[in-house]
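Biologist: I'd like a close look at one part of this model, the strand pairing in the sheet, and then whatever surrounds it. Could you walk me through it?

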Number of protein chains: 2
Amino acid sequence: MDFQDYFPLWAKLNRSQQERIRASLLFREVKKGTMLHDGTLDCTGLFLVRDGQLRAYILSEEGREITLYRLFERDMCLLSASCIVHSLQFEVMIAAEKDTSLWVIPADVYKAIMEESAALANYTNELMASRFSDVMWLIEEIMWKSLDKRIADFLMEEAAIEGSNRLQMTHETIANHLGTRREVVTRMLRYFQEEGLVKLSRGVVEITDEKKLAERDP
Amino acid sequence: MDFQDYFPLWAKLNRSQQERIRASLLFREVKKGTMLHDGTLDCTGLFLVRDGQLRAYILSEEGREITLYRLFERDMCLLSASCIVHSLQFEVMIAAEKDTSLWVIPADVYKAIMEESAALANYTNELMASRFSDVMWLIEEIMWKSLDKRIADFLMEEAAIEGSNRLQMTHETIANHLGTRREVVTRMLRYFQEEGLVKLSRGVVEITDEKKLAERDP
């Protein structure tokens, strides 16, 4: 499988555009934990994930984190190339959550083609709208949902991603996904354990009653 | 002043595109309080404000609100026409905060031109990125800033918009901007009053010490 099989707009670009992308394209294989974009407003380029998992998040001055969205196979990330759209005035961090292979399209090449191709510009609109929708979903979560429900939902989402109810994950990591503090997560998980929803051991949260966890009132 | 003086991309459209927009354009004058877009995923069209002030916000199932951004003269709103970008999967409400006159560009006309014009598609990207940035700013506010600081900042922003330190505004309204409850706002404003930052009377919050209000620690 080649780049052109992963990049949905390939067939709508002309030969010259395809060649400019191919000539500038980088392929990277990174280990879990690698920082791919460090949130400064510089322009790392657009990421297209071949396989693995990336996490986009923001960071407060005090070092607290909150996950904005995840990127999986075939997902593309625009926010690592914020210079291609002037009005994108915020910083995100992007790190590999698993060993990941990805292509990087240099921002200047992408931007030049986007300016001449309505198809690529409209596709970019869809990419941005999709991240924008993720973030709006996050605001609704933060604003209207209690933290116990958010932790329960996060555990179930993780179990779905990993295909396992046994999650190797510290309380600190869960807190960093949800924008809260470790102590708060620990307190809530202990309460879940007392209720028989999860079983805790060192560095592991195991979901023991999926149904009851899912049924927690919002 | 005419539509074409307000719509920054006018000169980059061809004659046929300009005519299609002009022929379908609606001009509306609405009173303060008018609901312009009710948050369902239907497509009201793109708004371009001639004068006045609009407010975009979201609503929880329990009726709580939080302001996403405001629109002033020459601002354009894409989210009232979410059908033009498939991946825009969230609902916003848009209401007039002051008597407002605006143009409405029907979504289907805009979308058809955007699909053929790279210039309009790229401009739309900028519009979306700018709202996206507003919302990211809001997340950082909610996540990392204490409510007293958010209320202080909101009062100062309002004073700047109104050009007056005397704000005719109920505690309920402030709560609806910030996504919190009236009781919480009332408690905080009373505390501000004790500290000499504001003076409260029926339906009015008057900023009495701007400097001290601005200096509140984040």
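Biologist: Let me start with a small one: which residue in β8(B) is the bridge partner of V49(B)?

Modeller: That would be L102(B), which sits across from V49(B) as its bridge partner in β8(B). Keep in mind that this is a predicted model.

Zooming out a little, that pair belongs to the pairing of β3 (residues 46-51) with β8 (residues 100-105) in chain B, which is antiparallel and runs over 5 bridges. As general background, strands of a sheet pair through backbone hydrogen bonds, in either the parallel or the antiparallel sense. Here the two strands are part of an open sheet of 4 strands in chain B, ordered β1-β8-β3-β6, with antiparallel pairing. The edges are taken by β1 (26-30) and β6 (76-77) of chain B; each has a single partner strand, so one side of each has no neighbour in the sheet.

Just before that edge strand there's a backbone oddity. R74(B) lies in the loop between β5 (65-71) and β6 of chain B, and its phi is near 75°, a positive value in a residue other than glycine. R74(B) counts as partly exposed because it has 13 C-beta neighbours inside 10 Å. Chain A has its own entry of this kind: R74(A) lies in the loop between β5 and β6 (76-77) of chain A, with a positive phi of about 75° although it is not a glycine. With 13 C-beta neighbours inside 10 Å, R74(A) is also partly exposed.

While we're in chain A, take L48(A), which lies in strand β3 (residues 46-51) of that chain. L48(A) has 21 other C-beta atoms within 10 Å, and the cut-off for buried is 20 or more, so L48(A) counts as buried. Leaving aside neighbours within four places in sequence, L48(A) is in contact with Y6(A), F7(A), M76(A), L102(A) and W103(A). By contrast, L48(A) and E65(A) are 17 residues apart in sequence but 24 Å apart in space, C-alpha to C-alpha.

Now for the chain as a whole. Chain A has 8 helices and 11 strands, and 32% of its 218 residues count as buried. Of its contacts with a separation of 6 or more, 68% are between residues 24 or more positions apart. Its C-alpha atoms fill a box of roughly 65 × 35 × 30 Å along the principal axes. The domain assignment splits chain A into domain 1 (3-143) and domain 2 (145-214), and their centres, taken over C-alpha atoms, are 29 Å from each other. Between them, 5 residues of domain 1 are in contact with 6 residues of domain 2 in chain A. On the domain 1 side, the largest share, 3 residues, comes from strand β5 (residues 65-71) of chain A. By class, that side has 1 nonpolar, 1 polar and 3 charged residues.

Last stop, the contact between the chains: 35 residues of chain A and 35 residues of chain B take part. On the chain A side, the elements giving two or more residues are α3 (107-116) and α4 (118-144). The largest share comes from α4(A), with 20 residues. Sorted by class, the chain A side has 19 nonpolar, 11 polar and 5 charged residues.

Conventions:
Residues are numbered from 1 along each chain as its sequence is written. Chains are lettered from A and ligands numbered from 1 in the order in which they are written. This is a predicted model: local features need pLDDT of at least 70, side-chain atom pairs count only at pLDDT 80 or more; totals for chains, interfaces and linings use all residues. A residue is buried if 20 or more other C-beta atoms lie within 10 Å of its own, exposed if 12 or fewer, and partly exposed in between; C-beta atoms are placed from the backbone. Two residues are in contact if their C-beta atoms, placed from the backbone, lie within 7 Å. Ala, Val, Leu, Ile, Met, Phe, Trp, Tyr, Cys and Pro count as nonpolar, Asp, Glu, Lys and Arg as charged, and the others, Gly among them, as polar. Two strands pair if DSSP finds at least two bridges between them. Domain bounds come from an automatic or database domain assignment.
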